[in-house]
Amino acid sequence: MQLLYSLRGTVWILVYLLFILAPLFALLAGSHAPTRDFWTEFSVALGYSGLAMMGLQFGLTARFRYVTEPWGEDVIYHFHRQISLVAVGLVVAHPVILAVVQPELFALSNMREAPLSAYLAILSIFSVIALVVTALWRVALKLKYETWHLIHIVLAVVAITAGVVHMVGSSFYLVDPWKQSLWIGLTIFWIGLLLYVRIVKPLFMLRRPYRVSETRQERGETTTLVMQPDGHPGFHFSPGQFGWLMVWGSPFKITAHPFSFSSSAAAKGGCVEMSIRNLGDFTKEIPRVPVGKRVYLDGPYGAFTIGNPADMHVLIAGGVGVTPMMSMIRTLADRGDKRPVILLYGSKDWESITFREELELLEARLDVTVVHVLANPPAGWAGEQGFINAEMLKRHLPPPFSDHEYFICGPGVMMDAIERALAEMGVPMSKYHSERYSFV
């Protein structure tokens, strides 16, 4: 299975590179105008490459399960963020270089007489700059997640459409009709990806709703939604995976929210559970969801799941990061898996430990050891306190440490620290997995 994922991942990387480089190479074929100076040609090449990268962002966020499966959705979104910054840098570098080598193009007198394609270039550049600013500083700008998501989509469509129209209108490299058709076709493909996400996929989801059959209030300001498929068999997921949840509104709503499944993957009847902590905005409304409410789920997604050969599973959770771990533990218990499991669970204090009582019961069903780590322990607390580090891991894990399989989920700072600790202990990267829910 791992070999299959590696081969599939390699194929998709090659396809991605093809989509970026093929249009650039195509510009060099056929007819073209007389060659200009190096820096002008270089700036144009940067602009073409940046625009191709920007267009493919629609594909990266389209949630094609077959494409994202080898890496996991969180890795794809992390790549989306990083490559978007590269693409924006290339697009912005295009006019900056032109302004240096041909400053007369940006003189006020020339701008007044500039063609429409020049103004579309300005619109495209300002759109991508606004897109990056609102993404990086959403919290500082006090934008609600749903508002930001809508702005993000609109700016992306405007930037790419204006950029392509500018490129076709300039026509320096696109004198051949087939070259114009190539870029127009790519634009149609990119917009088609967006339409798939916003229209086609919601239509399928509309026919596969879920009903909330139970809501449970857990410790740590966490609410568990128990959801049953309504008129269909549901879907199968692997423990540790997640889905995108839509509660208020239809699948056509702009924004869905990602949450891990906390229920056992071995449960019958297609029932799924999500345990959601009150962290503001959307999550604070979850306790008000009534039983019988129709909701929609898009999933499953993610490569953060057990299944690789290992002598034991080491689960390291912080706060609500315990939810995918609960899915793993419940699944192992239901399957009668005899391999040892160690859960190191960091919490604020004793009363805020979500699933505390159930974890005690699960210790009787499988070989699981739960190590609670409290930031604010009560008086007389004899257990671990502070933050999980390499020394703490060595106290509770049997050597050799590189034989175990590790799963890490929690605040970003915690996960970074744990990954550094595992590296100090000689654990190879292939043996640990991190789930990072940062999709902005």
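**Exercise 1.** Classify R216 by its relative accessibility, then do so for its salt-bridge partner E273.

*Solution.* R216 has 23% relative accessibility and therefore counts as partly exposed. The classes are buried (under 20% relative accessible area), exposed (over 50%) and partly exposed in between, with a 1.4 Å probe and protein chains only. E273, at 13%, counts as buried.

The model is predicted: local features need pLDDT of at least 70, side-chain atom pairs count only at pLDDT 80 or more, and totals for chains, interfaces and linings use all residues. Residues are numbered from 1 along each chain as its sequence is written, and side-chain values use heavy atoms, without hydrogens and water.

**Exercise 2.** Trace the salt bridges of E273 and state which elements they tie together.

*Solution.* A salt bridge is a side-chain nitrogen of Lys or Arg within 4 Å of a carboxyl oxygen of Asp or Glu. First, R216 and E273 meet at 3.0 Å, N to O. R216 lies in strand β1 and E273 in strand β5, so this pair links parts 57 residues apart in sequence. Helices (H or I, at least four residues) and strands (E, at least two) are DSSP runs, numbered from the N terminus. Next, E273 forms a salt bridge with R330, with the closest N and O atoms 3.9 Å apart. R330 belongs to helix α9 (residues 322-335), so this pair also ties together parts 57 residues apart.

**Exercise 3.** Place β1 and β5 in their sheet.

*Solution.* The open sheet of 6 strands runs β4-β3-β6-β1-β2-β5, with antiparallel pairing. Strands pair if DSSP finds at least two bridges between them. Strand β5 (272-277) is an edge strand, as is β4 (257-260). Strand β1 (residues 210-218) pairs with β6 (residues 294-301) over 2 bridges.
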